[in-house]
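Hi,

Here is the model I said I would pass on. Have a look at it first, and my notes follow below.

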Amino acid sequence: MNIRNVILGGSLACLAGLVALTGCGGDSGSSQKVYTQVDRLARPAVNEVLATVANNRHAVNDQATPSQDGQSGFLKDDIQGFMTGVAGRSQATTDVVKAVLVPDVLAADLSQSGNAAYLGVETGGFTGGKFGGRKLTDDVVDLDLGVIFGNTVSALGLAPDDGKEIATLTTDNVSYTTAPKHFQDGVVSPAVFPYLGPAQ
């Protein structure tokens, strides 16, 4: 028997043992556990800003799946209603925002190399790289607010400037960290968890 077969056999035995252990729960196995999704958050500020609390719109989107976000009655419609009806944005800008923010998932393009960058996939690298995901230093709330209330869409050349920006709403005025001892010059101190200090 060669070493590869030993490793493979050992791995399969470990996997079988793990499966057996996960099946042990103290009950007869006749009852199924049912889990209810009560919240879903991929991009901060998207559902919180664009879906009204009225008519349980937050709850509807929190309990929906990403594949439902683009369907009638879900996040896409909330974006449409908020962008044109509340924020007064143009339909062209609204269409771009829907295309960027629906579905509400954190996208990463594994064929790309380089640094992570929030909305990097959706903006073709405008936010700092094409990989997507997010870096610890990405101020994701400000980026989302810039798309919703700022000129991010027109700056990217994706829609004409509608002149409806609300500059005071493009930031939450909170930086990503108040604990600079944990994060100096873009370098994370791996010895100190949670790295960026307490939530604000």
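In what order do the elements of the chain run from the N terminus on? They go α-α-α-α-α-α-α-β-β, so to speak a chain of 7 helices and 2 strands. Keep in mind that this is a predicted model. Of the 200 residues in the chain, buried ones make up 30%. As for contacts between residues at least 6 apart in sequence, 48% of them join residues at least 24 apart.

I started with α4, which covers residues 75-86. This helix has 12 residues and spans 15 Å from its first C-alpha to its last, close to the 16 Å expected at 1.5 Å a residue. Which residues of α4 are buried? They are Leu 75, Asp 78, Ile 79, Phe 82 and Met 83. Because these buried residues cover an arc of only 115 degrees around the axis, they sit on the same side of α4. The spacing fits the textbook picture: an α-helix has 3.6 residues a turn, so residues three or four places apart point the same way. The cover over the buried residues of α4 includes α2 (46-50), α3 (57-63), α5 (91-101) and α6 (140-149). Just after α4 comes Gly 88, with a positive phi of about 70 degrees.

Next, α5. Its buried residues are Thr 93, Thr 94, Val 96, Val 97, Lys 98, Val 100 and Leu 101, and what covers them includes α2, α4, α6 and α7. Take Thr 93 in this helix: is it buried or exposed? Its relative accessibility is 2%, and the cut-off for buried is under 20%, so Thr 93 counts as buried. Leaving out residues up to four places away in sequence, Thr 93 touches Met 83, Val 153, Ala 159, Pro 160 and Asp 162. One of these, Met 83, is among the buried residues of α4.

You will probably want to look at the cavities too. How many are there of 30 Å³ or more? The count comes to 3, and the largest has a volume of about 60 Å³. The largest cavity is lined by Val 96, Val 100, Leu 119, Thr 123, Thr 127, Val 147, Thr 152, Val 153, Leu 156 and Leu 158. By class, that lining has 7 nonpolar and 3 polar residues, with no charged ones. Helices α5 and α7 (152-155) each supply at least two of the lining residues. From α5, Val 96 and Val 100 are on the buried list as well, and Val 153 is one of the residues that Thr 93 touches.

Finally, some backbone details to check if you set this up for calculations. Which two residues does a cis peptide bond join? They are Val 102 and Pro 103, with omega about 0 degrees. Pro 103 lies in the loop between α5 and α6.

The loop between α2 and α3 holds Asn 55 and also Asn 56. Asn 55 has a positive phi, near 60 degrees, though it is a residue other than glycine. Asn 56 is not a glycine either, and its phi is positive at about 55 degrees. Asn 55 counts as exposed because its relative accessibility is 70%, and Asn 56 is exposed too, with a relative accessible area of 54%.

Cheers

Definitions and conventions: Residues numbered from 1 in each chain as written. Predicted model: local features only at pLDDT ≥ 70, side-chain atom pairs only at ≥ 80, totals over all residues. Heavy atoms only, no water. Helix = DSSP H or I, 4+ residues; strand = E, 2+ residues; numbered from the N terminus. Expected span 1.5 Å × (residues − 1). Buried < 20%, exposed > 50% of the residue type's maximum accessible area, 1.4 Å probe, protein only. Arc of directions from axis to C-beta. Contact = heavy atoms within 4.5 Å. 1 Å grid on protein atoms, 1.4 Å probe; cavity = no way out; pocket = protein on both sides within 12 Å on 5 of 7 lines; lining within 4 Å. Points joined across faces, edges and corners; volume = space filled by probe spheres on them. Nonpolar A, V, L, I, M, F, W, Y, C, P; charged D, E, K, R; others polar.
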